[in-house]
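The following questions and answers are intended for a reader who has the structure at hand. Each answer closes on the value or name that was requested.

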Amino acid sequence: MVLLVALAATGLLWAGFAPRGTAQDTADANEAVRQGRVLYLQGCSSCHGLQAQGGNQAPSLIGVGSAAVDFQVSTGRMPLAAPGAQAERKDPIYSQTQIDQLAAYIDSLGGGPKKPVITQTEWDDADLAHGGELYRANCAQCHQAVGAGAPLTYGKYAPDLGKATPTQIIEAMRTGPESMPLFGPGQLDEADAVAVAKYVRHVSEAPSAGGDDLGKYGPVPEGLLAWLVGIGGLLAVCLWIGARQKV
Amino acid sequence: MTTVPPPPLVKRPGPVRTLNRAIDERFGTQAGLRRNLNKVFPDHWSFMIGEIALYSFVILVLTGIYLTLFFDPSNTEVIYDGSYVPLKGVEMSRAYASTLDISFDIRAGLVFRQIHHWAALLFVASIVVHLMRVFFTGAFRKPREVNWLIGVGLFILGILEGFAGYSLPDDLLSGTGLRIAASIAQSIPVVGTWASFLVFNGEWPGEGFIPRLYVVHILLVPGILLALIGAHLGILWHQKHTDFPGPGKTEHNVIGHRVFPIFAAKSTGFFMIVFAMLALLGGLAQINPIWGFGPYDPANVSSASQPDWYIGFLDGSTRLFPPWEFRGFGHTVPAVFWPTLILPGILFTLLAVYPFLEAKFTGDKESHNLLQRPREAPTRTGLGVFAISFYLVLWISGGNDVIAKTFDISLNAMTWAGRVGAIVIPPIAFVLTRKLCIHLQERDHEIAEHGIETGIIQQLPSGEFVEEHRPKLPSVPDHRRVPTDRVALPSAENGHARGDLVRRAGKAVTGFFVEEEERLPEASESSPDRPAGKH
């Protein structure tokens with residue numbers, strides 16, 4: 001009787017606490033990997049190889065991790081529009097679901113940096129001023145003080161950060177795409193990375209104080225405006241006054 | 001009913017006139033005042049360019065005074081606690097913190113800062129345009145060489161003053177600029193290190209350079225600028241303005257408008273327009289957003305760090321110059337020495353001595369009060385365009401990173417284009433400009449000799465086709481003639497016009513002095529009967 005009750009209780013408890021979702025999740029994950037593989041074979045394998053082993057034109061994707069896939073595909077850099085000095089940012093051709101499936105497939109080939117998840121609490125707690133200090137010390141050399149971007153050698157460039165989402169900013173830090181150095185968790189921990197992303201978003205989104213920001217490049221567009229509008233306008237006024245001179 | 005006849009009207013002197021008389025009774029200013037207010041200035045539009053510089057300077061002084069009330073020129077480190085959130089709690093100098101306060105916490109601080117900065121850009125830019133006008137019209141020739149030298153001095157001091165102002169806020173951009181300036185000072189052979197210590201009050205980045213820079217920016221250089229502007233205008237006043245050749249104009253007269261009232265009204269209006277332009281720029285276009293650059297930290301640097309436009313050509317020359325370092329005799333001369341000190345040294349020296357060089361090579365020792373059109377001096381115009389194209393190549397190269405990024409050009413390609421361009425473009429520009437000037441001269445002669453083509457083709461009885469030419473119309477005086485203060489106005493072809501104009505002009509000026517005319521013996525000199533005083 002005791003045994004029976006115990007068995008019944010165990011059964012009920014099992015029924016109550018059984019990790020029912022896991023089987024479904026695993027199935028979903030497997031499905032994502034399967035779908036991702038289909039997408040991969042259709043869209044990526046011609047350059048990166050049927051086994052993602054890389055080739056003459058493209059690097060191996062084994063071990064790059066889901067963060068790299070999400071960064072490259074969600075920023076539209078992959079698939080490449082045309083070979084050039086550097087992949088350009090454009091509108092992504094895959095939906096976020098498809099990108100996640102591709103990421104799952106590449107992730108299944110061997111680990112790597114995972115796509116970061118930023119919670120609202122982390123975002124709210126991130127220290128903007130600290131992010132700014134880290135940005136100026138680590139990023140401004142190439143991306144310019146307020147993320148306007150700047151050229152590197154031979155047609156390569158550090159891109160404008162105006163359109164980069166917080167997730168993409170952190171993915172770039174963790175995976176070091178193209179010419180960009182990699183900033184691992186040893187250099188910038190999670191809180192630091194979120195703070196940098198928050199600073200970049202702030203300087204991109206904050207309304208510009210004092211009028212139009214002239215493309216955020218400072219002295220070069222300022223000089224151009226001073227000459228074209230300032231001097232040009234005043235010379236036009238000189239001509240106007242000269243033309244109205246009474247005989 | 002008897003009507004009382006109205007009392008005779010007696011015009012009572014107005015307050016201005018009363019004041020004028022009161023001052024004159026005490027200081028005897030009337031004669032000088034009349035002489036100067038009667039001064040005649042010519043009317044060409046290009047003579048107003050220098051005024052832009054003058055008015056920008058006035059606005060710089062006015063806005064600068066406002067900024068000094070709130071700026072704290074100190075290197076002392078503080079923790080920022082103002083209203084700009086992304087820098088809250090960051091360590092910075094008081095100079096930077098007070099500039100942030102001016103930008104975000106002080107009423108109208110930002111717009112004053114921006115107008116001040118735009119006025120600085122316009123000040124130097126208008127000096128350059130004015131200099132080009134003077135150069136291409138030959139206005140620098142004898143007797144005006146000294147004023148040319150003063151102008152070159154104003155140009156150089158304007159650049160220095162602008163750079164000092166750009167460097168004061170102690171943000172990352174200005175600190176980067178100062179770091180480069182310190183390196184340039186250090187690159188001078190033998191005395192470089194000491195020169196750098198002298199300028200920056202010790203090792204870079206020391207603690208005392210902002211107060212030093214501040215004194216230079218608000219006292220020393222503006223004081224010299226003011227003195228030189230006074231001398232520049234004083235000499236102009238004394239020597240009288242040049243003018244383009246035209247009907248009735250000779251080497252010995254000035255035709256235009258008197259200082260009072262027309263020239264004064266015109267200039268006041270133009271001052272307002274310059275002020276309006278600067279207010280528009282300061283209110284609508286952000287300039288030097290120091291909060292974006294962050295506080296200066298010697299370990300940090302931002303890409304696309306540029307100087308203000310007037311230093312841009314030196315930034316460009318540094319970017320283009322090959323990294324040639326000279327070692328010998330126990331000294332190293334770094335590559336930066338040549339493009340940043342030797343090159344501007346040569347450029348500004350050539351600019352300063354140009355009037356003397358031209359006089360020497362052309363053998364022209366005469367005094368000139370009439371200007372030349374650029375085409376009338378093809379070699380000079382060619383040399384001017386040579387210099388401008390060289391400057392432009394350096395200038396564009398100074399912003400080559402921003403241009404490369406904006407237009408998707410390889411930075412390396414931009415650098416090499418600049419290197420080749422700086423050597424190849426100026427000579428080509430010289431030859432083309434000279435040819436163009438000569439061609440234009442020939443065309444002028446053609447029109448003078450054969451008239452203007454009408455486009456009407458006639459067939460002669462012999463079968464030959466010829467185009468009809470219309471003779472060039474005699475030019476009509478387009479200037480109202482008023483008495484000149486140099487020598488007598490040459491009598492015009494048609495007597496009635498002269499009398500009429502002189503009478504009208506005389507009437508325009510005598511009204512203001514009517515009372516004093518009766519009292520002062522000098523008054524007779526400005527009467528319409530004797531238009532040419534020997535003032």
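**Helices, caps and a surface patch**

Q: At which residue does helix H16 (residues 411–450) of chain B bend, and by about how many degrees?
A: In this predicted model, helix H16 of chain B spans residues 411–450. Its bend is located at B:Gly421, a residue that is also listed as buried. The bend at B:Gly421 amounts to about 45°.

Q: Which helices of chain B are included in what covers the buried residues of H16(B)?
A: The buried residues of H16(B) include B:Asn412, B:Met414, B:Pro426, B:Cys437 and B:Leu440. The cover over the buried residues includes three elements of chain B: helix H12 (309–320), helix H14 (378–398) and helix H15 (400–406).

Q: Which residue has a side-chain oxygen that reaches the backbone nitrogen of B:Asn412 at the start of H16(B)?
A: B:Asn412 is among the buried residues of H16(B). Its backbone nitrogen has a side-chain oxygen to within 3.2 Å, and that oxygen belongs to B:Ser410.

Q: What phi does the residue just after H16(B) take?
A: H16(B) comprises residues 411–450. Just after this helix comes B:Gly451, whose phi is positive, at about 90°.

Q: Which helix of chain B gives the most to the nonpolar patch?
A: The nonpolar surface patch covers about 1100 Å² and includes B:Leu149, B:Phe326, B:Trp338, B:Ile342 and B:Phe361. Eight of its residues are contributed by one helix, spanning residues 337–362. That element is helix H13 of chain B.

Q: Why does B:Phe326 count as partly exposed?
A: B:Phe326 belongs to strand S5 (residues 326–328) of chain B and takes part in the nonpolar patch. Partly exposed residues fall between the limits of 20% for buried and 50% for exposed. B:Phe326 counts as partly exposed because its relative accessibility is 42%.

Q: Which residue caps the N-terminal end of H7(A)?
A: Helix H7 of chain A covers residues 128–138, and A:Ala129 is one of its buried residues. The cover over the buried residues of H7(A) includes elements of chain B, namely helix H7 (172–186) and helix H11 (290–293), as well as helices H8 (140–143) and H10 (190–205) of chain A. At the N-terminal end, a side-chain oxygen lies 3.1 Å from the backbone nitrogen of A:Ala129, and the capping residue is A:Asp127.

Q: What percentage of the residues of chain B count as buried?
A: Chain B contains 17 helices and eight strands. The chain has 535 residues, and the share that counts as buried is 46%.

How values were computed:
Residues are numbered from 1 along each chain as its sequence is written. Chains are lettered from A and ligands numbered from 1 in the order in which they are written. This is a predicted model: local features need pLDDT of at least 70, side-chain atom pairs count only at pLDDT 80 or more; totals for chains, interfaces and linings use all residues. Side-chain values use heavy atoms; hydrogens and water are left out. The bend at a residue is the angle between axes fitted to the seven residues ending there and the seven starting there. Helices (H or I, at least four residues) and strands (E, at least two) are DSSP runs, numbered from the N terminus. Buried means under 20% relative accessible area, exposed over 50%, partly exposed in between (1.4 Å probe, protein chains only). Contact means heavy atoms within 4.5 Å. A polar contact is a pair of N or O atoms within 3.5 Å; within protein, one must be able to donate a hydrogen and the other to accept it, and residues adjacent in sequence count only if both atoms are side-chain atoms. Patches are made of residues with over 30% relative accessible area and no salt bridge: like charges are joined within 9 Å, nonpolar side chains (Val, Leu, Ile, Met, Phe, Trp, Tyr) within 5 Å. Accessible areas come from the Shrake-Rupley method with a 1.4 Å probe; for residues, only the protein chains shown count as cover. A salt bridge is a side-chain nitrogen of Lys or Arg within 4 Å of a carboxyl oxygen of Asp or Glu.
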